[in-house]
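I opened my notebook to get to know a structure that was new to me. Here is what I looked up, in order.

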Amino acid sequence: MKIKINENFNNLSKNYLFSEINIRVKKYIENNPDKNIIRLGIGDVTLPLPKIVVDAIKKAADEMANQKTFRGYPPEYGYEFLKDSVRNYYGRKNIKINNEDIFISDGAKSDLGNIVDIFADNEIYIPNPVYPVYLDSNVMSGRNINYIEGNKENNFLPMPNGLDNNPKIIYLCSPNNPTGSLYNYDELKKWVDYAIKTESLIIYDNAYEAFIDGKYPHSIFEIEGAKTCAIEVSSLSKMAGFTGVRCGFTIIPTQLKSGDTKINDLWKRRQATKFNGVSYPVQRAAEAALSIDGEKECLKNINYYKNNAKLLADFFKSKGIYYTGGNNSPYIWLKCKEGYNSWEFFDYILNNASIVTTPGSGFGVFGEGYLRITAFNTLENTKLAIERLNKIL
Ligand code: MLT
């Protein structure tokens, strides 16, 4: 075949981070079939869906089985009933958004990966370490990428100090995946002010919002002016246990413009062409999860994971190991054992404790020397993991 391929793919690492981990774990299992593996690697939920969500799916499935209530293609940007539910969820946090700003999707990863379609060759600024999708999707599009370094000194919360005044696309993730650090109101305001001053755009990944306790922003739109410089990408994966159900939403305020062009219009055009919406039962499930009662049920599961996170964080603290996260986040980000790089430490823990983790370097060069552990497992497995780690750390 003499078809030209997208050469930018040659600039990606060979495998997507979590695919690479799966390959290594599969090999470990083949060589150690009797070991009881504890998976604290990918941030995948383990508790079953809340009852209110399951009831909504069943009811919607029954409607689809009836000639009178059957539905075909969903609206490209989501049913109004779900947009109402998203708007009310924000409203309960005193954040005002309109239905026209909301786009329902099959999850944050898709939207974060696809959003590059509507922008030309801008300068891209990506925190490092961070969720790998921002980097990979921009590498695929051949973009010019700059890193904003997260480190121990800035508590893995890089700020705009020192950045030039050119317009740029900036990705932020708070609570951060992988470090669990999160911006407070003052810090997020500095980013919003910087974006307004430099006519830049912030793409704000809010997937872990539901884990926030205390006085931290639940949305970038709590910050004055953000509607003129930010897009917010959210997910029900972690909030409602939807990793296998698939539903998320992206908020693009109609006020957000580049020149005279509304970014909201571009995304509408993009989605109408390349996306056919989320299935009716899943949208009903999301509506239920975001309702007042649904939020309460979801919070029970989140608190269960947060208890696991606290146990892990307390353990690392008792060992005198530097870490961030474990609070406001399902992730604990810890320093590797002296003399080990991230992948070596990953192998050390897998081989000696049969625990799967995620190497920090998989989230970027500045993650080297760190490791991420998730709280998404059972309480029993979390306790067992701590016992095993206690023997080897
Ligand atoms: C993670 O482990 O970082 C996430 O679960 C992956 C994802 O959300 O795609």
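I started with a yardstick: buried means under 20% relative accessible area, exposed over 50%, and partly exposed in between (1.4 Å probe, protein chains only). I'm working from a predicted model, where local features need pLDDT of at least 70, side-chain atom pairs count only at pLDDT 80 or more, and totals for chains, interfaces and linings use all residues. Residues are numbered from 1 along each chain as its sequence is written, and side-chain values use heavy atoms, with hydrogens and water left out.

**Odd backbone spots**

I looked up Asn155 and found a phi near 60°, a positive value in a residue other than glycine. At 38% relative accessibility, Asn155 counts as partly exposed. Next I checked Glu199, also not a glycine, with a positive phi of about 55°. Is Glu199 buried or exposed? It is exposed, at 69% relative accessible area. I noted why these caught my eye: most residues other than glycine have a negative phi, and most peptide bonds are trans.

Then I found a cis peptide bond joining Asn128 and Pro129, with omega about 10°. Another cis bond runs from Ser174 to Pro175, with omega near -5°.

**The core**

I looked for the largest nonpolar core (buried Ala, Val, Leu, Ile, Met, Phe, Trp, Tyr and Cys residues joined through side-chain atoms within 4.5 Å). It has 59 residues, and Trp191, Ile202 and Phe242 have the most contacts inside it. Domain 1 (7-49 + 296-392) and domain 2 (51-293) both give residues to this core, so it lies between them; the domain bounds come from an automatic or database domain assignment.
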